[in-house]
Amino acid sequence: MTDVYTTDIALEVRELSRTFGVRKALNKVSFDLPDGAFLSVFGPNGAGKTTLIKVLTTVTVPSKGTARVCGLDVVEDAVELREKIGLISHNPLLYPDLSAEENLQFFAEMYGVSDVSDRVRELLVSVELDHRRMDLVRTFSRGMLQRLSIARALLHRPDMLFLDEPYSGLDPHAMDILDGLIAQVRHDHTFVMISHDLDKGLELCSHALILAKGKVVLFDSKENIDPDEFKATYRSTVGMGVA
Amino acid sequence: MAAGTQARPSARSLSWRQFKAILRKDIVMELRTKEMVTSMGLYSLLTMVVYQIALSQSGSAFDPRQIAAGLLWLAFLFTSMLGLNRSLVHEQDQGCLEALLLAPVDRPVIFFAKAIGNLVFLLIVEVLTIPVFAFLFLQGGGYGGAWWMIPTVLTAGSIGIAGVGTLLATMSVNTNGKDFVLTVLMVPLMYPLLLAAVSATTAAVLGGDGSVDQFWAGMGGVAGYDVIMLLAAYALYEFVIGA
């Protein structure tokens, strides 16, 4: 896949820390990510990966440090920033007792999308769920949920997409569909993806980050990374324990 | 397509759209599942029956109308706790609360939409309960006040329960013992409201000289509580939901 990132900075993280009681989930994390890049974030369980995503998506406020996403501060400009980002998680983030169409219509209203009906129909077609648009989400398979989750994340035409273990629990066919959907929007979005799958994460990324105990162990662009050394570095963090 | 390319609605019109979307979603889901109203309605009606059994041996000299208002408000308070927890637990299913927090919505909009939804469901349960209450407790001496007194105090009291209850349910939803936490927080905070509402409702039930003055004195307490606590809930909600 051709990398399309520019010299503009999409993500600027400076000395970012987040504590829960005495536990430091993030400890002085700093890095810059160019616009259009695809960052894969790796690390053992409890390394602070999900906390990093939660801070960058404004769901959680940082304890110290700053982060700017798409040029907007995650604390000061949180409401404006939310219009520019989308999240695809291993959790579908959808209401099980609403239909696929009702879910997308609801989130379209929440984001102030101007052409709700057209946009919802367009996305349902693109994720191949148009024929199931009236069915309750609780009747969907894991792969269908993930496809609808992608449609939800793209509703408001975000500039940056955060993916929190999006391949978790998907069968190979559903993974192929997700690959295709990511490829469709890859050229005009910046991505940050959490993954436990080193091969998949390295295949997709333009930049890679390893977190362990809330700290940055490695951050570099893909062309500077030797896959074998990278995997060895990652494995050395697995025994480091929880942040 | 980037987020900035679509026409953005004004902040006020977007908030109104978001408010309507959350309220409509809650009502549609409740109409579909009937979880909250069914469980709250059954609980409230059974409570009335239990009260009646408890008072069945009190003798003919005892006028149950003297304590009927207190029994009614206790039933509504405990009934509301059942529904309040469920309304937030729905949001937690499959990470929906996180999806809501990711949207560019002012947190007080979420508060007011959830509180109005809870108020509607509580009022429905009250409308179902009042005839049973009248049948069981007002047969002896009858209803002494003007017809409009009961709907007025029930609506005003329910606004306080729904408003404060929504705030407290949001605080407790991420705790381990959410039912216990909600009860422990809610009962002491509801004390002033219950005192005023029971006074106004007793005046409405008993009627007679001075009952209108006692009713309006009680209503003053209920209205004052509603205003103060709703303003406090409005101010605190952003902090509470982001914690």
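Helices (H or I, at least four residues) and strands (E, at least two) are DSSP runs, numbered from the N terminus. The model is predicted: local features need pLDDT of at least 70, side-chain atom pairs count only at pLDDT 80 or more, and totals for chains, interfaces and linings use all residues. Residues are numbered from 1 along each chain as its sequence is written, and chains are lettered from A and ligands numbered from 1 in the order in which they are written.

**Exercise 1. Take stock of the two chains**

Task: State what secondary structure chain A has, and what chain B has.

Solution:
- Step 1. Chain A comes to eight helices and 10 strands.
- Step 2. Its radius of gyration, taken over C-alpha atoms, is 18 Å, close to the 18 Å of the globule rule for 243 residues, so chain A is as compact as a globular protein of that length. The rule is 2.2 Å times the number of residues to the power 0.38.
- Step 3. The C-alpha trace of chain A spans about 45 × 40 × 35 Å along its principal axes.
- Step 4. Chain B has eight helices and zero strands. From the N terminus on, its elements run α-α-α-α-α-α-α-α.
- Step 5. Chain B has a radius of gyration of 20 Å, which agrees with a compact globule of 243 residues, near 18 Å. Its C-alpha atoms fill a box of roughly 75 × 35 × 30 Å along the principal axes.

**Exercise 2. Judge the confidence**

Task: Find where confidence is lowest and where it is highest in chain A.

Solution:
- Step 1. Start with the averages. pLDDT is the predictor's confidence in each residue, from 0 to 100. Chain A averages 90, and 95% of its residues score at least 70.
- Step 2. Go to the elements of chain A. Helix 6 (residues 172–185) is lowest, at a mean of 83, and helix 3 (residues 100–110) is highest, at 97.
- Step 3. Turn to chain B. The average is 89, with 96% of the residues at 70 or above. Residues 1–5 of chain B fall below 50; beyond near neighbours in sequence, this stretch has 10 contacts in the model.
- Step 4. Check the complex. The predictor gives an ipTM of 0.86 and a pTM of 0.87.

**Exercise 3. Trace the four-stranded sheet of chain A**

Task: Give the strand order and name the edge strands.

Solution:
- Step 1. Four strands form an open sheet in the order 2-1-4-5, with antiparallel pairing. Two strands pair if DSSP finds at least two bridges between them.
- Step 2. Strand 2 (23–34) and strand 5 (72–73) of chain A each have a single partner strand, so one side of each is left without a neighbour in the sheet.
- Step 3. Strand 4 (residues 64–69) and strand 5 of chain A are joined by two bridges. A:Val69 has A:Leu72 in strand 5 as its bridge partner.
- Step 4. Helix 1 (residues 49–56) of chain A packs on the sheet. It touches strand 1 (9–20), strand 2 and strand 4, and its direction makes about 65° with that of strand 2. Axes are lines fitted to C-alpha atoms, for helices over the stretch in contact, and angles run from 0 to 180 degrees between N-to-C directions.

**Exercise 4. Trace the six-stranded sheet of chain A**

Task: Which strands of this sheet are the edge strands?

Solution:
- Step 1. Six strands form an open sheet in the order 6-7-8-3-9-10, and the pairing is mixed.
- Step 2. Strand 6 (85–89) and strand 10 (215–221) of chain A are the edges, each pairing on one side only.
- Step 3. Strand 9 (residues 207–212) and strand 10 of chain A pair in the antiparallel sense over six bridges. A:Leu209 stands opposite A:Phe219 in strand 10.
- Step 4. Helix 1 of chain A lies across strand 3 (38–42), strand 7 (160–164), strand 8 (190–194) and strand 9, at about 150° to strand 8.
- Step 5. Helix 5 (residues 142–154) of chain A touches strand 6 and strand 7, at about 170° to strand 6.

**Exercise 5. Describe the chain interface**

Task: Which helix of chain B gives the most to the side that touches chain A?

Solution:
- Step 1. 30 residues of chain B are in contact with 28 residues of chain A. Contact requires C-beta atoms, placed from the backbone, within 7 Å.
- Step 2. Helix 1 (11–33) and helix 4 (96–102) of chain B each supply at least two residues of this side. Helix 1 of chain B gives the most, with nine residues.
- Step 3. The side of chain B divides into 16 nonpolar, seven polar and seven charged residues. Ala, Val, Leu, Ile, Met, Phe, Trp, Tyr, Cys and Pro count as nonpolar, Asp, Glu, Lys and Arg as charged, and the others, Gly among them, as polar.

Note on methods
Two residues are in contact if their C-beta atoms, placed from the backbone, lie within 7 Å.
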